[in-house]
Amino acid sequence: MEVKTLKDIDLSKNPVIGQMGLYNHEQILFCNDNATGLKAIIAIHNTVLGPSLGGTRMWNYNNEMEALNDVLRLSRGMTYKSSVAGLNLGGGKAVIIGDPKKIKNEALLRRFGKFVDSLGGKYITAEDVAMTSHDMEVIHMETDYVSGLPENMGGSGNPSPVTAYGVYVSMKASAKETWGSDSLSGKKVLVQGIGHVGEVLVEHLSKEGAKVYIHDISEERLKAVAAKYKAEVVSPDTMFDLDIDVYAPCALGATVNDDTLAKLKCKIICGAANNQLAEEQKHGELVGKKGILYAPDYVVNAGGIINVYYELEGYNRERALAHAEKIYATTSNIFQLAKKEGIPTYMAANRLGEQRIEAIAKINAIY
Ligand code: NAD
């Protein structure tokens, strides 16, 4: 996938289509509706593998360029995620600009649904930040191109168990690479964030006999999960000083940064959170130099998109889980490629994603 450098593009003169050229985006739809106050951007990055799929994020951006940057970056990320996961999906994403508490209502969401529908299936939406499954139901009133619907509407429901299973098998593949055995029994694992995904991950780890440490900002969740799985609660002040084997970020992004890398003593980083590396290139290289094996986040947490993919095919949780199990092999392949090419693991994941798109683009060229 051709990537120009910012130097090649004069963004002051070409801030929109110029920026699309940076990562070779196919199409952007700018949506405006004065009556409902809807202002949204739908970005379609690449549809070589199939229709673009990615969530809709609602956020009170400071300005339009911030929103545009976000949707371009996120939609490109979806292309890589689906490609590496072996799905026949391209990458897309949408952002709705504004404070959800102030402007989100039925009319605005339905108007947005009409815009999604106007793309005729080239973009399929789903939940993301500040959107709920109920919002998806409302959008669905205007378009069929919605995924992640509740089970009682024929949807795939909560994706978190499938995501957590993918994280678990990816962690096992990382253990195999590091210690020669994929058993996590007796390994010390810190799970940061014990929400929908984190809790199910703790369950898998406890069943396998790992020693699990947990941290969350919710005292209530900490109490409940600690009691249920005999996990040890750790304080945010000391958790990165712990002598652990695996760090599993399952809350926020950017937790692999200068500060945490100066302290972390683990051998593996493998968790569900998106965008774990504060700066992809810098910290993606630094982890390796510190002797830590980094399982690339979007490979590890692909269970979520795998789950909605099977919704498009007529949902079946067994098939979704069976596909999520392949994340084990994919994680191993990325480690092998990184070793063979002498590159960081995040870069190996990107390369794998690009290789699949290039290969499939060639077969698509033949009628
Ligand atoms: P969630 O909201 O259910 O859980 C997040 C948990 O993190 C909550 O318990 C919250 O209290 C805690 N948290 C928030 N800020 C924290 C902090 N500073 N320190 C410690 N804990 C904090 O979310 P989730 O669905 O479990 O997703 C977890 C992560 O995985 C997110 O980054 C999400 O984007 C990513 N992800 C989730 C899925 C999925 O299927 N749910 C799929 C792909 C990626």
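Me: How far does a backbone N or O atom of A272 lie from an oxygen atom of the ligand?

Reply: A polar contact is a pair of N or O atoms within 3.5 Å. For A272, the separation between a backbone N or O atom and an oxygen atom of the ligand is 3.2 Å. Please note that this is a predicted model, in which local features need pLDDT of at least 70, side-chain atom pairs count only at pLDDT 80 or more, and totals for chains, interfaces and linings use all residues. Residues are numbered from 1 along each chain as its sequence is written, and side-chain values use heavy atoms, with hydrogens and water left out.

Me: Which atoms of T163 and V197 should I examine?

Reply: In T163, a polar side-chain atom lies 2.6 Å from an oxygen atom of the ligand. In V197, a polar backbone atom is 2.8 Å from an oxygen atom of the ligand.

Me: How much of the ligand's accessible area does the protein cover?

Reply: Accessible area is computed by the Shrake-Rupley method with a 1.4 Å probe. On its own, the ligand has 830 Å² of such area, and the protein covers 72% of this.

Me: Which elements give two or more residues to the shell around the ligand?

Reply: Helices are DSSP runs (H or I, at least four residues), numbered from the N terminus. Helix 6 (160-179) and helix 7 (196-208) are the elements that give two or more residues to the shell.

Me: Which residues come nearest to the ligand?

Reply: A residue counts as near if one of its heavy atoms lies within 4 Å. There are 19 residues around the ligand, and T163, H196, V197, D216 and A251 come nearest.

Note on methods: Polar contact = N/O pair within 3.5 Å; in protein donor to acceptor, adjacent residues only side chain to side chain.
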